[in-house]
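Visitor: I have a structure open here and would like to talk it through. Could we take it piece by piece?

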Protein chains: 2
Amino acid sequence: LRAVIYDGTVQFDPGRQRPEPGRDEILVRVTAAGICNTDLEIIRGYSGFSGILGHEFCGVVESSGPLRKKRVVGEINIGCQKCRLCLNGLEKHCRKRSVLGIINKDGAMADYLTLPARNLHMIPDSVQDDEAVFIEPLAAAMQVTNQLRNAGDAQILVMGDGKLGILSAIALKQDFKNVTLSGKHAHKLDIAKAFDIHAIHKDDLIQNSPFYDIIVEATGSQDGLHEALRLVRPTGTVVLKTTIAGESRLDLASIVVKEIKIVGSRCGPFPQAIKMLAEKRINLKPLITASYPIEKALQAFEHAASKESLKILLTF
Amino acid sequence: LRAVIYDGTVQFDPGRQRPEPGRDEILVRVTAAGICNTDLEIIRGYSGFSGILGHEFCGVVESSGPLRKKRVVGEINIGCQKCRLCLNGLEKHCRKRSVLGIINKDGAMADYLTLPARNLHMIPDSVQDDEAVFIEPLAAAMQVTNQLRNAGDAQILVMGDGKLGILSAIALKQDFKNVTLSGKHAHKLDIAKAFDIHAIHKDDLIQNSPFYDIIVEATGSQDGLHEALRLVRPTGTVVLKTTIAGESRLDLASIVVKEIKIVGSRCGPFPQAIKMLAEKRINLKPLITASYPIEKALQAFEHAASKESLKILLTF
């Protein structure tokens with residue numbers, strides 16, 4: 001099969017061996033895959049991963065059984081199913097977990113992948129392949145809303161006009177009236193504005209008057225949290241989305257003195273994301289910068305790493 | 001009046017001018033004061049403060065009016081009473097606030113202090129002066145419990161066997177069954193054990209099996225939060241109590257990947273703390289290492305800075 005692999009460098013491999021589904025696993029033929037910032041971090045050596053890249057995908061089930069020929073997306077964490085965390089509904093936090101295309105498990109940038117049946121979700125016909133690829137990152141964006149109960153008419157700032165920042169702002173806008181997105185790329189801010197989001201250049205944030213009740217930090221920068229702590233109101237909440245390798249410097253006393261709450265936020269609920277797309281509440285196609293056939297994966301990764309791009313897709 | 005002042009160095013001043021109460025303010029004759037770690041940080045240059053030190057006290061009202069001759073303790077934050085934060089019940093977070101003995105306001109280590117009437121709380125006869133000095137730090141410790149709703153039978157670890165760590169463990173023990181205190185001073189751990197707290201040396205924490213649902217970080221160390229993030233379970237909570245000058249290095253990705261919640265925690269509710277002492281639910285006297293007359297303040301500060309001491313009191 002054709003595959004995009006990382007093994008110190010990114011390579012396109014036209015003749016990789018087709019994977020054999022393990023016990024409880026399903027064989028899925030991939031029809032589309034997305035490039036995520038995590039993939040870009042991996043190819044910078046972020047995680048020590050080697051193998052087939054990719055964890056955002058849409059595909060069709062090849063295995064026999066009730067799911068055969070169904071269009072599916074898949075949750076990416078595979079826990080041991082035995083530990084205290086798995087048994088308490090925290091499989092995505094299992095310490096022995098593998099993660100599709102991220103930890104010890106070949107990923108989605110290939111003609112075929114395998115995943116446990118429990119990880120798969122069918123998608124309705126109304127959701128096209130290139131929208132379905134967004135379900136994983138949209139779920140991660142919607143996780144922010146799930147972690148912000150009872151926030152009412154909060155003033156929310158999403159920092160960062162990358163894929164995750166814009167998706168988070170779009171998801172929050174479904175439930176909150178006052179959502180501001182800050183960034184530094186005019187055309188990305190324009191895309192957010194088309195979703196009725198108040199989008200401003202980061203230099204135009206009111207520098208000396210912190211007043212945001214909730215800040216979603218999705219800058220992908222070492223300094224993002226430091227800036228968020230400055231801009232959030234006392235007793236406010238900072239939702240941390242940025243996963244970046246290495247350590248950051250932080251004035252911890254400000255967290256205590258302002259009694260700020262910081263909430264780490266990772267993967268989210270697939271069913272909610274599928275429902276939002278199925279109901280046509282949002283159209284994410286404006287976030288697609290370009291699609292490349294899998295043979296052009298190196299070019300696609302280069303495009304994805306450029307500052308001006310948002311979502312880059314691979315097609316099969 | 002006699003006063004302990006900081007102005008680059010700590011000094012005892014036997015002839016300081018008696019303060020004039022401002023509008024809305026009450027004159028209080030101080031009968032006892034405590035030395036807090038914040039005072040030790042101030043005399044290391046933490047805050048740029050200069051003036052009379054001290055914010056933990058018990059006293060008697062000298063001004064005429066309904067409070068005259070009443071025994072009182074006092075909340076330490078004095079907001080502008082006009083800004084959005086003050087008007088929303090967040091006076092302790094007012095950006096123009098002064099803070100007794102900490103920011104722009106002469107403190108409690110003197111024969112007399114002044115505070116707005118709204119800051120004062122009467123204390124019942126059943127609470128002695130040397131217990132009443134604990135009301136401010138006990139309230140800060142109880143704030144942790146207030147920030148941990150619905151934690152049920154959580155496994156709680158308090159890191160740090162200093163004054164704030166032990167007080168936090170004592171306060172938490174009132175509401176939670178499973179409270180562990182970790183530290184590195186055998187005799188301080190013994191004091192905690194007398195409060196029925198499971199107290200262990202920090203080296204005996206289970207290094208490779210993070211399982212605490214909630215960790216209260218009160219080590220006073222730059223590395224405390226880093227260690228707490230390692231020991232807390234995924235989706236667990238770290239309550240941050242340590243206020244230490246300067247920046248810490250932190251692996252922010254672990255907060256996101258483990259979806260940890262970090263909650264900054266500062267001052268707390270006086271009425272709750274007064275009630276707990278009035279009802280004799282706890283006896284804090286074992287936490288008093290020594291008392292010194294105010295004239296011996298320099299000696300008292302030296303004792304407070306030594307590793308083996310817990311609370312040091314000044315008497316008048």
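Guide: Certainly. This is a predicted model, and one place to begin is B:I35, which stands opposite B:I312 in β19(B).

Visitor: How many bridges join β3(B) and β19 there, and in which sense do they pair?

Guide: Strand β19 covers residues 311-315 of chain B, and its antiparallel pairing with β3(B) runs over four bridges.

Visitor: What about β5 in chain B: how many bridges join β3(B) to it?

Guide: Six bridges link β3(B) with β5, residues 56-61 of chain B, and the two run antiparallel. Within that pairing, B:A33 faces B:F57 of β5(B).

Visitor: And which residue is the partner of B:R29 in β9(B)?

Guide: The bridge partner of B:R29 is B:Y112. Strand β9 spans residues 112-116 of chain B and pairs with β3(B) in the antiparallel sense over five bridges.

Visitor: Is β3 of chain B mostly covered or mostly open?

Guide: Mostly covered: of the 11 residues in this strand (25-35), 10 are buried.

Visitor: Let us move to chain A. In what order do the strands of the open sheet with β1 stand?

Guide: The order is β2-β1-β4 in chain A, three strands with antiparallel pairing. β2 (10-13) and β4 (51-52) are at the edges with a single partner strand each, so one side of each has no neighbour in the sheet.

Visitor: How many bridges hold β1 and β2(A) together?

Guide: Four bridges, in the antiparallel sense, with β1 covering residues 3-6 of chain A. In this pair, A:Y6 lies opposite A:V10 of β2(A).

Visitor: Different topic: where is A:I200, and is it buried or exposed?

Guide: A:I200 belongs to strand β13 of chain A, residues 198-201. The residue counts as buried because its relative accessible area is 15%, and buried means under 20%.

Visitor: What is A:I200 in contact with, setting aside its neighbours within four places in sequence?

Guide: The contacts of A:I200 are A:T180, A:L181, A:S182, A:G183, A:L189 and A:L205. As for A:A186, its C-alpha lies 8.6 Å from that of A:I200, at a separation of 14 residues in sequence.

Visitor: Now the whole of chain A: how many helices and strands?

Guide: Chain A contains 10 helices and 19 strands. Buried residues account for 58% of its 316 residues.

Visitor: What radius of gyration does chain A have?

Guide: The value is 19 Å, which agrees with the figure near 20 Å for a compact globule of 316 residues.

Visitor: And the charges? How many positive and negative side chains are there?

Guide: Chain A carries 40 positive and 36 negative side chains, and the centres of the two sets are 4 Å apart.

Methods:
Residues are numbered from 1 along each chain as its sequence is written. Chains are lettered from A and ligands numbered from 1 in the order in which they are written. This is a predicted model: local features need pLDDT of at least 70, side-chain atom pairs count only at pLDDT 80 or more; totals for chains, interfaces and linings use all residues. Side-chain values use heavy atoms; hydrogens and water are left out. Two strands pair if DSSP finds at least two bridges between them. The radius of gyration is taken over C-alpha atoms; the globule rule is 2.2 Å times the number of residues to the power 0.38. Buried means under 20% relative accessible area, exposed over 50%, partly exposed in between (1.4 Å probe, protein chains only). Lys and Arg count as positive and Asp and Glu as negative; His and the chain ends are not counted. The place of a charge is taken as NZ of Lys, CZ of Arg, CG of Asp or CD of Glu. Contact means heavy atoms within 4.5 Å.
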